[in-house]
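Colleague: I should like to go through this model step by step, with a reason behind each reply. May we begin with a single residue and work outwards?

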Amino acid sequence: MSIQRVKEYFKQFNMEDKVMEFPVSSATVELAAKALNTEGCRIAKTLSFSVNDSPILIVTAGDAKIDNKKYKAFFGAKAKMLSFDEVEEKIGHAVGGVCPFAINDGVTVYLDECIKRFETVFPACGSSNSAIELTPEELEKYSNFKQWIDVCKLPE
């Protein structure tokens, strides 16, 4: 099970006890915000894309959307999300629990700048009823990210 992989991953940092599991679903931004009793914008959603046939993850704030122009300018390709069926196979976590921790080899992680406006955010932990609270700096450290990017737009 994916959440076990994530807990094992966090053991090396003595952080496995910080992984929260809920009796309710946290599979969407709205459900996660409700389970955590926080604003949806503080949910760190992890989006799965394919760039030149390689899987990538972009971790962004819950209220952000991919800006297609910025995405294309950065990656040199049109945004192509992985299909529902491809996500678990290529990333290592199923839709609803996708996170940048304990992922498959060959997956590149990017963090979107919009996350930096929060003191802490809540990414999932491999299941549709889990999360962990991290600062942007901790997210950097534990996600093995490649770089911060700016490919999102926020609501007006």
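Colleague: Leaving aside its neighbours within four places in sequence, which residues is Ile-58 in contact with?

Modeller: The model is a predicted one, and a contact here requires heavy atoms within 4.5 Å. Once neighbours within four places in sequence are set aside, the partners of Ile-58 include Lys-45, Thr-46, Leu-47 and Phe-49. The others are Ile-66, Tyr-71, Phe-75, Tyr-110, Asp-112, Ile-149 and Val-151.

Colleague: Which element gives the most residues to the largest nonpolar core?

Modeller: In soluble globular proteins, nonpolar side chains tend to be buried together. The largest nonpolar core has 46 residues, and Ile-58 is listed with Phe-10, Tyr-71, Phe-75 and Phe-101 as having the most contacts inside it. Elements that supply at least two residues each include helix 1 (2-11), helix 3 (68-75) and strand 5 (108-112). The greatest contribution to this core, five residues, is that of strand 3.

Colleague: Is strand 3 mostly covered or mostly open, and how many of its residues are buried?

Modeller: A residue is called buried when its relative accessible area is under 20%. By that criterion strand 3, which spans 54-61, is mostly covered, and the number of its eight residues that are buried is seven.

Colleague: Which strand pairs with strand 3 in the parallel sense?

Modeller: Strand 2 can be set aside, because two strands pair when at least two bridges are found between them, and the eight bridges from strand 2 to strand 3 join them in an antiparallel arrangement. In that pairing Ser-48 stands opposite Leu-57. Leu-57 also stands opposite Val-109. The parallel partner, joined to strand 3 over four bridges, is strand 5.

Colleague: In the hairpin of strand 2 and strand 3, which residue takes a positive phi?

Modeller: Two residues lie between the strands of this hairpin. A phi near 50° is found there at Asn-52.

Colleague: Which element provides the largest share of the lining of the largest pocket?

Modeller: The largest pocket holds about 370 Å³ of space. Among its 26 lining residues, Ala-27, Lys-45, Thr-46, Gly-96 and Val-98 are the closest to its centre. Helix 2 (29-36) and helix 4 (84-91) are among the elements that give two or more residues to the lining. The largest share, six residues, comes from strand 2.

Colleague: How many residues of that lining are charged?

Modeller: The lining of the largest pocket contains 17 nonpolar residues and eight polar ones. The number of charged residues in it is one.

Methods: Residues are numbered from 1 along each chain as its sequence is written. This is a predicted model: local features need pLDDT of at least 70, side-chain atom pairs count only at pLDDT 80 or more; totals for chains, interfaces and linings use all residues. Side-chain values use heavy atoms; hydrogens and water are left out. On a 1 Å grid over the protein atoms alone, a cavity is a set of points where a 1.4 Å probe fits but cannot get out, and a pocket is an open set with protein on both sides within 12 Å along at least five of seven lines; lining residues have an atom within 4 Å of a point. Grid points are joined across faces, edges and corners, and a volume is the space filled by probe spheres set on the points. Ala, Val, Leu, Ile, Met, Phe, Trp, Tyr, Cys and Pro count as nonpolar, Asp, Glu, Lys and Arg as charged, and the others, Gly among them, as polar. A nonpolar core is a set of buried Ala, Val, Leu, Ile, Met, Phe, Trp, Tyr and Cys residues joined through side-chain atoms within 4.5 Å. Buried means under 20% relative accessible area, exposed over 50%, partly exposed in between (1.4 Å probe, protein chains only).
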